[in-house]
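Trainee: Got a minute to go through this structure with me? I'd like to start with the inside.

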Amino acid sequence: MQLKANMLMVVVTMFWGLSYTFMVIGLETLEVFNTVALRSFIAFIIAGLIFYKKLMHIDKKTIIYAAIQGFFLVFAIGFPMFGVKTTPASNAGFLVSLTVVLVPIITSCIEKKLPSRTVSIAIICTMIGISILTLNSAFIFQIGDVYCLLTAVAYSIYIVLNGKFTRSVDSLAFGIYQMGFAAIISGIFCLLFEAPKLPTESSGWIAVLGLGILCSAFGFIGQTVAQQYTSATLTGLIFSLEPIFASIFAVIFLDENITIKLIIGGLFIFGGNIIAQFEQFNSYQFIHKKPQTEKTV
């Protein structure tokens, strides 16, 4: 089940890589919270219609947890939209992937223990890849970069809480209701700070429907279900593949360029994920200390 959960996480990550392209397209006609509200509402309605029986039997704990996660979702999917206004989609994906470092740090602080050696090596590989992709003499730290870093913080907290919450509630109902709360919260922000409207062009509808169906309905609910069977740290590591997918789709749909840095940095990130996955099969026994056998008297 853990292997299947990890594979589902990879597919979810691919769609989230595509989300940066949808964001850029959507922001041509819509404001940020308007887009977040629409994508969350679409995801809630579609998932609710498919799994409506699950929504009929819930408890107070599920509602409270869903409201908390809905709040963090608004910022986890809203901040990168502010970010891509001044930062290229590929660059935004790499900055957001700092989640891979923040998740094990937050988890270690909560559990008061250090990450395993395998995970530590995976984190180092991933950080090298992210550094290659983002740090250079021409790198300009813009306000969009700040928003992307705030996304990493909000999303790291979301992942850690998700790992805790999904073990005590029905994960599917919980995942659907959090999208509903995200729609309500972002809708309130939209009324306060923006002018609510529906897309008026086909590109706007493509962006909103893509974000709502693929990236939200399938993405966040799929993550919520899968995370029952894997750890928050591994979830964060798998999501480090997001910038690779973001760059690929940015090249295809937004005419951004492929560079040597993109290839080398991407390989380090991919390598970090592979190392992390091997831990599940005890394939890297040499990384761990072999337990000492007890002496018999």
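Trainee: How many cavities of 30 Å³ or more are there?

Mentor: Two cavities reach that cut-off. Keep in mind that this is a predicted model.

Trainee: How much space lies in the largest cavity?

Mentor: About 130 Å³. Thirteen is the number of residues that line this cavity, and those closest to its centre are Trp16, Ala76, Ile77, Phe220 and Glu242.

Trainee: Which elements give two or more residues to that lining?

Mentor: Helices α1 (2–26), α4 (60–83) and α8 (143–165) do. The largest share is from α1, with four residues.

Trainee: And what classes of residue does the lining of the largest cavity have?

Mentor: Nine are nonpolar, two are polar and two are charged.

Trainee: OK, the second largest cavity. What lines it?

Mentor: Val96, Ser97, Thr99, Tyr155, Phe239 and Glu242. About 40 Å³ of space lies in this cavity. By class, its lining has three nonpolar residues, two polar and one charged. Note Glu242. It is in the lining of the second largest cavity, and it is also among the residues closest to the centre of the largest one.

Trainee: Where does Glu242 sit, and is it buried or exposed?

Mentor: Glu242 is one of the buried residues of helix α12, which covers residues 242–254. The others in that helix are Pro243, Phe245, Ala246, Ser247, Phe249 and Ala250.

Trainee: What happens just after α12?

Mentor: Asp255 takes a positive phi there, about 60 degrees.

Trainee: Let me step back. How many helices and strands are there?

Mentor: The protein has 13 helices and zero strands. Along the sequence the pattern is therefore α-α-α-α-α-α-α-α-α-α-α-α-α.

Trainee: How much of the protein counts as buried?

Mentor: 53% of its 297 residues.

Trainee: Switching to charges. How many salt bridges are there?

Mentor: The count is one. It joins the side chains of Lys54 and Asp170, at 3.2 Å from N to O.

Trainee: What does that pair tie together?

Mentor: Lys54 is in helix α3 (residues 52–55), and Asp170 is in the loop between α8 and α9 (171–193), so the bridge ties together parts that are 116 residues apart in sequence.

Trainee: Why can those side chains pair at all?

Mentor: Opposite charges can pair when the charged atoms come close.

Trainee: And how accessible is Lys54?

Mentor: Lys54 is at 37% relative accessibility, so it counts as partly exposed. Its partner Asp170 is at 32%, and counts as partly exposed too.

Trainee: What about the outside? Which residues make the nonpolar surface patch?

Mentor: Ile124, Ile128, Ile258, Ile260, Ile263, Ile264, Leu267 and Phe268. The patch is about 760 Å². Two elements give two or more residues to it, α7 (117–134) and α13 (260–278).

Trainee: Which element gives the most to the patch?

Mentor: Helix α13, with five residues.

Trainee: Pick one for me. Why does Ile263 count as partly exposed?

Mentor: Because its relative accessible area is 45%. Partly exposed runs between the 20% and 50% cut-offs. Ile263 is in helix α13.

Trainee: Where is Ile269, and is it buried or exposed?

Mentor: Ile269 is also in helix α13. It is buried, at 0% relative accessibility. The C-alpha atoms of Ile269 and Ile128 are 7.8 Å apart, and the two residues are 141 apart in sequence. Ile128 is one of the patch residues.

Trainee: Nice. I also marked Ile42. How far apart in space are Ile42 and Leu209?

Mentor: 7.4 Å, C-alpha to C-alpha. In sequence they are 167 residues apart. Ile42 is in helix α2 (residues 32–50). Its relative accessible area is 15%, so it is buried.

Trainee: Last one, Leu211. Which helix is it in?

Mentor: Helix α10, residues 202–226. Leu211 is buried, with a relative accessible area of 0%. Its C-alpha lies 8.5 Å from that of Ser40, and these residues are 171 apart along the chain.

Trainee: Great, thanks. I'll go back to the viewer with that.

Key. Residues numbered from 1 in each chain as written. Predicted model: local features only at pLDDT ≥ 70, side-chain atom pairs only at ≥ 80, totals over all residues. Heavy atoms only, no water. Patch = residues over 30% accessible without salt bridge, like charges linked within 9 Å, V, L, I, M, F, W, Y side chains within 5 Å. Areas by Shrake-Rupley, 256 points an atom, 1.4 Å probe, with all protein chains shown as cover. Salt bridge = Lys/Arg side-chain N within 4 Å of Asp/Glu carboxyl O. Buried < 20%, exposed > 50% of the residue type's maximum accessible area, 1.4 Å probe, protein only. 1 Å grid on protein atoms, 1.4 Å probe; cavity = no way out; pocket = protein on both sides within 12 Å on 5 of 7 lines; lining within 4 Å. Points joined across faces, edges and corners; volume = space filled by probe spheres on them. Nonpolar A, V, L, I, M, F, W, Y, C, P; charged D, E, K, R; others polar.
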